[in-house]
Amino acid sequence: MFQTFYRRFLEANPGVQHFACHSHYYWPDITRQAMLDYWDDSARFVDDKWDYWFSEKIPAVQQHIARVLNTEQPEQIVFAPNTHEFVFRLMTCLPFDRPISILTTDSEFHSFNRQSRRFEELANVTVHRVPAAPFETFNQRFEQALASQHYDMVFLSHVFFNSGVQVDALPQLVNAVQDDDTMVVIDGYHAFMAVPVDLSEIKHRVFYLAGGYKYAQGGEGGCFMHVPKGSAQRPLYTGWFAEFGELSQSKGNEVSYSKDAMRFAGSTMDFSALYRLHSVFELFAEHRLDVRQIDGFIKQRQQQFLTHIDGLHSPWLNRQRLIQHDAQLHGHFLAFELDNEQQVGKLQAYLHAHNIATDGRGKRLRFGFALYHDGLQYDLSCIKEFSGE
Ligand SMILES: Cc1ncc(COP(=O)(O)O)c(C=O)c1O
């Protein structure tokens, strides 16, 4: 039904069943024109292109994102080429002249996991990691941890990258953070443009990170963060874009920062990713396609896929191996747990040799579902011949 949006990527990959879309979505054809527009605008405006981008293009993308997040605060969105830049920038706001405590989970993406482990090597930094599983009790265990002490930062995913499980009652968890000075950061990369997100109740409290190369379908290089209004943090890792617009008051010779989300900006970046992102938002708007509809479509594809594999009676890929908490509270990929990482590697390579693209995370094999899938055409019958060797 939506396959016409993706004609060029589909034609470039004939016969491929692409289940790695939760990692890198195919780009809609319209993004190709966006790249050309970026070039043409650069030629047309030359030195004035920055003014054009900051006065027209960027506000237009901010509007779309603020609408999807339901914040009504487009000026509180800032961009960076990747989420790691934001992760590090946020961490440099922490008060390093005293002991620092961070609360997170054991299921955060590498950008945060690796960076927090490196910070932990400093004598004054402690990181507490709450296991995501068992998912039924996650909220309760996380709330208990929140109640047990003061934290300088709380960092957690909206949808976990290694299971696809969505954190339920996010506002309730956020409101359980005791201290107003705790920075609350939500990694929304696997939620944004996949499952409906509503930050209206917590927009004053959370930093929300996400980006373009998964479900927003704009490719790499276009990440963003919603910054709570009135944020007074002064990141140590700061670039010249952070003093755009109206500045907040600074003491003496102190470096000043923008009053809005730009205080979390870095510096010169390639804005072509935002052109692509913008074109995808416009495409969906033109077709009146919203996240709720996209989510409904994908959930149907997931059920069709499960029905298909039921019929294959595979010992490797079946519902018993599925990591699932509540089908409705799930992101856009399904994760199957095998016996060990080697098995995942072998099965992934076997499927790849049969034109079936998936990806693995440790013991888990992940299958993502996309708007360009026709569920009735799923065919994993080759798995019947997989021996595990
Ligand atoms: C949960 C999550 N956050 C962030 C990222 C991307 O991180 P970065 O932008 O630092 O490459 C990913 C990528 O797979 C992810 O799964």
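# Ligand site, core and domains

User: Which residues surround the ligand?

Analyst: The model is a predicted one. In it, the ligand shell draws on several stretches of the sequence, and its members are Asn82, Thr83, His84, Phe109, Ser111, Phe161, Asp187, Tyr189, His190, Tyr213 and Lys214.

User: How do the residues of that shell divide into nonpolar, polar and charged?

Analyst: Asp187 and Lys214 belong to the shell, and under the classes used here Asp and Lys count as charged, whereas Phe and Tyr count as nonpolar. The shell therefore divides into four nonpolar, five polar and two charged residues.

User: Which residue places a polar side-chain atom 2.7 Å from a nitrogen atom of the ligand?

Analyst: Thr83 approaches an oxygen atom of the ligand at 2.7 Å, but through a backbone N or O atom. His190 does use a polar side-chain atom, 3.1 Å from a ligand oxygen atom. The side-chain atom lying 2.7 Å from a ligand nitrogen atom belongs to Asp187.

User: What share of the ligand's exposed area does the protein bury?

Analyst: Polar contacts to the ligand include the one from His190, at 3.1 Å. Taken alone, the ligand exposes 400 Å². Of that area, the protein buries 92%.

User: Which domains supply at least three residues each to the largest nonpolar core?

Analyst: This core has 123 residues, and Phe192, Phe284, Phe305 and Phe367 have the most contacts inside it. Setting aside neighbours within four places in sequence, Phe305 is in contact with residues including Phe19, Leu334, Phe367 and Leu380. The domains that each supply at least three residues to the core are domain 1 (2-29 + 290-381) and domain 2 (31-283).

User: How many residues of domain 2 are in contact with domain 1?

Analyst: The centres of the two domains, taken over C-alpha atoms, are 27 Å apart. Domain 1 contributes 30 residues to the contact between them, and the number from domain 2 is 32.

Conventions: Residues are numbered from 1 along each chain as its sequence is written. This is a predicted model: local features need pLDDT of at least 70, side-chain atom pairs count only at pLDDT 80 or more; totals for chains, interfaces and linings use all residues. Side-chain values use heavy atoms; hydrogens and water are left out. A residue is near a molecule or strand if one of its heavy atoms lies within 4 Å of it. A polar contact is a pair of N or O atoms within 3.5 Å; within protein, one must be able to donate a hydrogen and the other to accept it, and residues adjacent in sequence count only if both atoms are side-chain atoms. Accessible areas come from the Shrake-Rupley method with a 1.4 Å probe; for residues, only the protein chains shown count as cover. A nonpolar core is a set of buried Ala, Val, Leu, Ile, Met, Phe, Trp, Tyr and Cys residues joined through side-chain atoms within 4.5 Å. Buried means under 20% relative accessible area, exposed over 50%, partly exposed in between (1.4 Å probe, protein chains only). Domain bounds come from an automatic or database domain assignment. Contact means heavy atoms within 4.5 Å.
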